[in-house]
Amino acid sequence: MRWGRAQIAGADSLTLGAAIVAAAAGALTFTVAATVFARHSVNHDEGVYLMQAALLLSGQLELHAGELADAVHPWFFVDDGGRLYPKYNPVPAAMYAVSMWLFDEPRVTLAVVAAGNAALVYLLGGTAFDRRVGLAAAVLFALSPLALVTGSVFLPYAPTTFFNLLFAVAYLRGVRDRSLPLAGLAGVAIGIAFFARPFTAVLFAAPFILHALVQVARSVRAAGVSPASLPGPVRRHGLTALFGTLFVGVTLAYNYRMTGAPLTFPYEAFAPMDGPGFGERRILGHAEEYTPALALRSNGYGLWYLVTRWVVAGPLGTLLALGGGAVAARRWLSGRRALGTEPERTADRSSRRFERLVGLLLVGVVGSVVVGNLFFWGTNNLLATFSDPTDGLVAGFGPFYHFDLLVPLSVFGGVAVVAAGQRLQRLRAPLAARFTPASARAAVVAIAVLALVGGTLGAAAAVEAPLDRHAAHADKYETAYEPVESASFDDDLVFVPTPYGEWLSHPFQTLRNEPGLDGPVVYALDRDPVEDFAVIDAYPDRDLRRYAYQGEWTPDPSRQVDPKLESLAVREGARVDATTTVGVPERVATAQVRVETVRADGDAVAQYAVSDPGDSLTVDWSVRPEGARLAGAPNTTVPVAAAGDEVLVTVTLVDPTGATFTYRQEATARVQGDRVEVVWPPERSVCRLVTACGTEGTYLPDDPDAHAEWVRFETAAEASDAR
């Protein structure tokens, strides 16, 4: 009786410990997500899932942008004739939408998923071996950098693993307890996982499916099948298959709704050559000949990085998993359970067989995930270069296509931890024989503390490196978003730059539109004049602004930009007269003043020169229905396209050595019958040695430290109805 009470008390304490670990995992994940990833990460898929979550909350599956689709096209959304829908299935986004609805904070879902994964690993370890293994496995899983870092961002890998784990626990307990409800739950869980990420779910479930097929075949062969009485395995696995298949049907129905074909997934509609398989693989502008040799090489590197950097404590965690697997295998071969107290050693044959089954299934998961991912070129794309784990997406997130491998690694690592604890307990007797009992206990405690401290330091070191890299990116985003975050929007239209091509939320993930494209602020891509005027015409009553920055946006966190958010207005009249005043340093001999527009039929130019311009130079110019004129270059009119054109006014200063400094302004203009419209102020930049330097030379009027002391760039315009 005393032993029974002790076991109950021990089980209760282990369950409490698991609850604490799960809660701590959730809290830590939320903290990392809200601090390091407050403005999201360098993986711009986060914005896709958050936009999709907002759509689901509004009762939509897609954006209806019509003719504005190109101007508001979010990253990784398919453009289907003005209908924009995400390339990803909606399960992870729906999970984020729940916490957005309940708490107005999607990071709550990240915390719940992290806590749920830790709890389910505890249950899986307890089901496979015992609760001590489950508790150790939960700790190892929660502290793995891959789980913590990838689980702290809005990506689908941790949520999908949650459903895979739920499937595994329900399936195994359904087999052990012969439970139909658990078998049904297993089917629902793997069905949802399939809806979330079909390939991931199939790879995880493959060993379980094989086991189910073998069990059903054996039962049918042994007992036959009659409508009146189906064998237990047939009913249980049939129920799992039924619910799983129902969600496969849901997935195909979703495909049909989005792409028009049940077997065409949205990701295929976005990039038909992006799926599993060998040969030419392609997505957007990136293409590669994906061969089996390349698959082995890239996945080899990915797995090496996983076991040396992205599991808990790096190589130490991997050695724990290998040691735990060896302990289990040795004892199974001797006909015993892998671990256990004295009563467990006398457990019946079925419990030993069940433990071996679970162990083999976990090993099977390792095999199916490793082999299956050879057929998908994703891991190759994570590696910017081979043999450099600090470059590419793998540097910040690890080989996340192998996320499910954390499950068996953590469970077998838990076996090693518990086995080591049992060895320490056995050391007390021989130590007590040579020393005093108190000294023996102290020695055992010292060894345990040293192991704990070493493991903790190893875990912290493994997590620190990727978090430091993300912290550097977080600083860059904080600087870049400052003018937008400090602004107050009511009914605004904001044009944003396109450093990575014509995509919203790539790279500026926080600049997302509301599902109806009608929120307090609408973001649109800053493109050519015709397209920009089309957006302005669609939102005639909104206040206009332009977000811009000085510098070049690159993935390098050390290369920051200096941003600005400036108000715009459309000057409209029979003519728009403008004045530009620029500062001139000493020793400037001449200045070249030039106005031009870039037209389909070639460049049209008007220009003149100024000798000895002094310490400042004022240029008068205008835009009229017949074109742009430059005062000082009489009788020269540069035509402006009716649909929209860019009027470029440059003042190039030349010193006696031939060195130049150019003030450049680009005004978006168009002709509307006998009237003109000009977006004001123009985009301004200052360039050394060249006449066009892009965002590197963006003029920042409110930052006196951004330019040389003598640089002055003032411009004003007034619309007039006078001819």
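How many bridges join strand S17 to S18? I shall open with that hairpin and then widen the view to the rest of the chain. Please keep in mind throughout that this is a predicted model.

Strand S17, residues 660–672, and S18 run antiparallel and are joined by 4 bridges. One pair in this ladder is arginine 670, whose bridge partner in S18 is glutamate 677. The two strands form a hairpin with 2 residues between them. Within the turn, glycine 673 has a positive phi of about 65°. S18 itself spans residues 675–680 and is mostly covered, with 5 of its 6 residues buried. S18 also pairs with strand S9, residues 562–573, in the antiparallel sense, here over 5 bridges. In that pairing, alanine 569 has tryptophan 680 of S18 as its bridge partner. Tryptophan 680 is also where a cis peptide bond begins: the bond from this residue to proline 681 has omega near 0°. Proline 681 lies in the loop between S18 and strand S19, residues 683–688.

Let me now step back to the chain as a whole. The protein chain has 20 helices and 20 strands. It comprises 723 residues, of which 51% are buried. If we take contacts between residues at least 6 apart in sequence, 71% of them join residues at least 24 apart.

I turn next to the nonpolar cores. The largest contains 140 residues, and the members that touch the most others are Leu124, Phe129, Phe167, Phe208, Tyr523 and Tyr547. Helix H7, residues 157–177, gives the most to this core, contributing 11 residues. Another core lies apart from it, with 38 residues that include Val593, Ala604, Val651 and Ala669.

As for helix packing, consider helix H8, residues 180–196, and helix H9, residues 198–223. Their axes are 5 Å apart and the packing angle is about 140°. H8 and H9 are therefore oblique to each other, since only angles over 145 degrees count as roughly antiparallel. On the H8 side, the residues in contact are Ile190, Ala193, Phe194 and Ala196; on the H9 side, they are Pro198, Ala201, Val202 and Ala205. By class, this contact has 8 nonpolar residues, with no polar and no charged ones.

Two open sheets deserve attention. One has 3 strands in the order S1-S3-S2, with antiparallel pairing. Its edge strands are S1, residues 63–64, and S2, residues 77–80, each of which pairs on one side only. S1 and S3, the latter covering residues 83–86, are paired over 2 bridges, and leucine 63 has leucine 84 in S3 as its bridge partner. Helix H2, residues 45–57, packs on this sheet and touches S1, S2 and S3, with its direction at about 60° to that of S2.

The other sheet has 5 strands, ordered S15-S14-S13-S10-S20, and its pairing is also antiparallel. The edges are S15, residues 637–638, and S20, residues 713–720. Inside the sheet, S13, residues 616–624, pairs with S14, residues 627–630, over 4 bridges. Here serine 622 stands opposite arginine 629 in S14.

Is alanine 628, also found in strand S14, buried or exposed? At 0% relative accessibility, alanine 628 counts as buried. Leaving aside residues up to four places away in sequence, its contacts include Val595, Ser622, Val623, Thr636 and Val647. Alanine 628 and threonine 597 are 31 residues apart in sequence, yet their C-alpha atoms are 8.3 Å apart in space.

I close with some backbone details. A further cis peptide bond runs from histidine 506 to proline 507, with omega near 20°. Proline 507 is found in the loop between strand S6, residues 492–496, and strand S7, residues 521–525.

There are also positive phi values in residues other than glycine. Histidine 40, in the loop between helix H1 and H2, has phi near 75°. At 9% relative accessibility, histidine 40 counts as buried. Arginine 587 likewise has a positive phi, of about 75°. It sits in the loop between strand S10, residues 575–583, and strand S11, residues 590–599. Arginine 587, by contrast, is exposed, with a relative accessible area of 57%.

Key:
Residues are numbered from 1 along each chain as its sequence is written. This is a predicted model: local features need pLDDT of at least 70, side-chain atom pairs count only at pLDDT 80 or more; totals for chains, interfaces and linings use all residues. Side-chain values use heavy atoms; hydrogens and water are left out. A nonpolar core is a set of buried Ala, Val, Leu, Ile, Met, Phe, Trp, Tyr and Cys residues joined through side-chain atoms within 4.5 Å. Buried means under 20% relative accessible area, exposed over 50%, partly exposed in between (1.4 Å probe, protein chains only). Axes are lines fitted to C-alpha atoms, for helices over the stretch in contact, and angles run from 0 to 180 degrees between N-to-C directions. Angles under 35 degrees count as roughly parallel, over 145 as roughly antiparallel, 65 to 115 as roughly perpendicular and the rest as oblique. Contact means heavy atoms within 4.5 Å. Ala, Val, Leu, Ile, Met, Phe, Trp, Tyr, Cys and Pro count as nonpolar, Asp, Glu, Lys and Arg as charged, and the others, Gly among them, as polar. Two strands pair if DSSP finds at least two bridges between them.
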